[in-house]
Amino acid sequence: MKVKKYLKNVLLTICFLFVIVIYSYAQNVVVSAIVNHESNNEALPGVNILVKGTFSGTATDLDGKFSISVEPGSILVFSFMGYASQELKITNSNPITVRLKPDLQKIDDVVVV
């Protein structure tokens with residue numbers, strides 16, 4: 001009798017932990033966005049997108065589009081050579097359009113060989 005009760009409690013505990021793990025993974029949101037130049041709305045390919053505080057990230061494709069799975073409330077950092085970095089806090093809204101501003105001071109740092 002005690003063994004059956006013990007096994008029942010162990011099984012219930014394992015099921016409870018399994019549900020918690022699945023629920024915690026279900027919290028992520030897939031963010032789809034396009035990154036454009038601020039003034040002429042041209043797509044920017046190759047923009048780096050990093051989830052702040054992690055090593056997770058992606059880059060835009062040839063059309064300036066990307067998608068990434070993040071937790072709501074995460075901050076995405078957008079960086080591209082010749083443009084000012086920009087941070088964006090993620091909510092559940094989709095799709096997002098990001099417009100990067102040119103940073104002329106950063107262009108001076110580039111040396112073409």
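**Talking through the strands**

Modeller: Let's begin with a sheet in this predicted model: four strands form an open sheet in the order β3-β2-β5-β6, with antiparallel pairing.

Biologist: What makes β3 and β6 the edge strands of that sheet?

Modeller: Each of them, β3 (57-59) and β6 (83-89), pairs on one side only. From one strand to the next, the twist averages 15°.

Biologist: How do you know that β2 and β5 are paired?

Modeller: We count bridges, and a pair of strands needs at least two. β2 and β5 share four bridges, so they count as paired, in the antiparallel sense. One place to look is Val51, which stands opposite Leu76 in β5.

Biologist: And how many bridges do β5 and β6 have?

Modeller: Strand β5 (residues 75-80) pairs with β6 over five bridges, again antiparallel. Try finding Phe78, whose bridge partner in β6 is Gln86.

Biologist: What makes β2 and β3 a pair as well?

Modeller: Three bridges join these antiparallel strands, and with a threshold of at least two, three is enough, so β2 and β3 pair. Asn48 stands opposite Ala59 in β3. The two strands form a hairpin with five residues between them, and in its turn Gly53 has a positive phi of about 85°.

Biologist: Is there another sheet to look at, and what is its strand order?

Modeller: There is an open sheet of three strands, ordered β4-β1-β7, and its pairing is mixed. Its edge strands, β4 (65-70) and β7 (96-100), each pair on one side only. Neighbouring strands here are turned by 35° against each other on average, ignoring direction.

Biologist: In which sense do β1 and β7 pair?

Modeller: β1 (residues 29-37) and β7 pair in the parallel sense, over five bridges. His37 stands opposite Leu100 in β7.

Biologist: Which residues touch the most other members of the largest nonpolar core?

Modeller: That core has 18 residues, and Val35, Phe66, Leu76, Phe78 and Leu100 touch the most other members. Two or more residues come from each of β1, β2 (48-51), β4, β5 and β7, and β1 gives the largest share, four residues. As background, nonpolar side chains tend to be buried together in soluble globular proteins.

Biologist: What is Leu100 in contact with beyond its sequence neighbours?

Modeller: Leaving aside neighbours within four places, its contacts include Val35, Leu44, Phe78, Phe80 and Tyr83.

Biologist: Which side chains of β2 are buried?

Modeller: They alternate: Ile49 and Val51 point to one face and are buried, whereas Asn48 and Leu50 point to the other and are not.

Biologist: Why is Thr60 called buried?

Modeller: Buried means under 20% relative accessible area. Thr60 has 8%, so it is buried. You will find Thr60 in the loop between β3 and β4.

Biologist: What lies at 2.8 Å from a polar atom of the Thr60 side chain?

Modeller: The backbone oxygen of Leu44 does, and the backbone nitrogen of Gly46 also lies 2.8 Å from a polar atom of that side chain. The cut-off for a polar contact is 3.5 Å, so the pair with Leu44 falls within it, and so does the pair with Gly46. Thr60 also touches residues including Val35, Val47, Ile49 and Phe66.

Biologist: Why is Ser74 called buried too?

Modeller: Its relative accessible area is 15%, under the 20% limit, so Ser74 is buried. Ser74 sits in the loop between β4 and β5, where a polar atom of its side chain lies 2.7 Å from the backbone oxygen of Glu71. Not counting residues up to four places away, Ser74 touches Val51, Leu88, Lys89 and Ile90.

Biologist: How far apart are Val30 and Val70?

Modeller: They are 40 residues apart along the chain, and their C-alpha atoms are separated by 6.3 Å. Val30 belongs to strand β1.

Biologist: One last thing: where is confidence lowest and where is it highest?

Modeller: Confidence is lowest in helix α2 (residues 104-107), at a mean of 62, and highest in β2, at 93. For the whole protein chain the mean pLDDT is 81, with 81% of residues reaching 70 or more. Where pLDDT is low, the predicted coordinates should not be read in detail.

Key:
Residues numbered from 1 in each chain as written. Predicted model: local features only at pLDDT ≥ 70, side-chain atom pairs only at ≥ 80, totals over all residues. Heavy atoms only, no water. Axes fitted to C-alpha atoms, helices over the stretch in contact; angles between N-to-C directions. Core = buried A, V, L, I, M, F, W, Y, C linked by side-chain atoms within 4.5 Å. Buried < 20%, exposed > 50% of the residue type's maximum accessible area, 1.4 Å probe, protein only. Contact = heavy atoms within 4.5 Å. Polar contact = N/O pair within 3.5 Å; in protein donor to acceptor, adjacent residues only side chain to side chain. pLDDT = per-residue confidence, 0-100.
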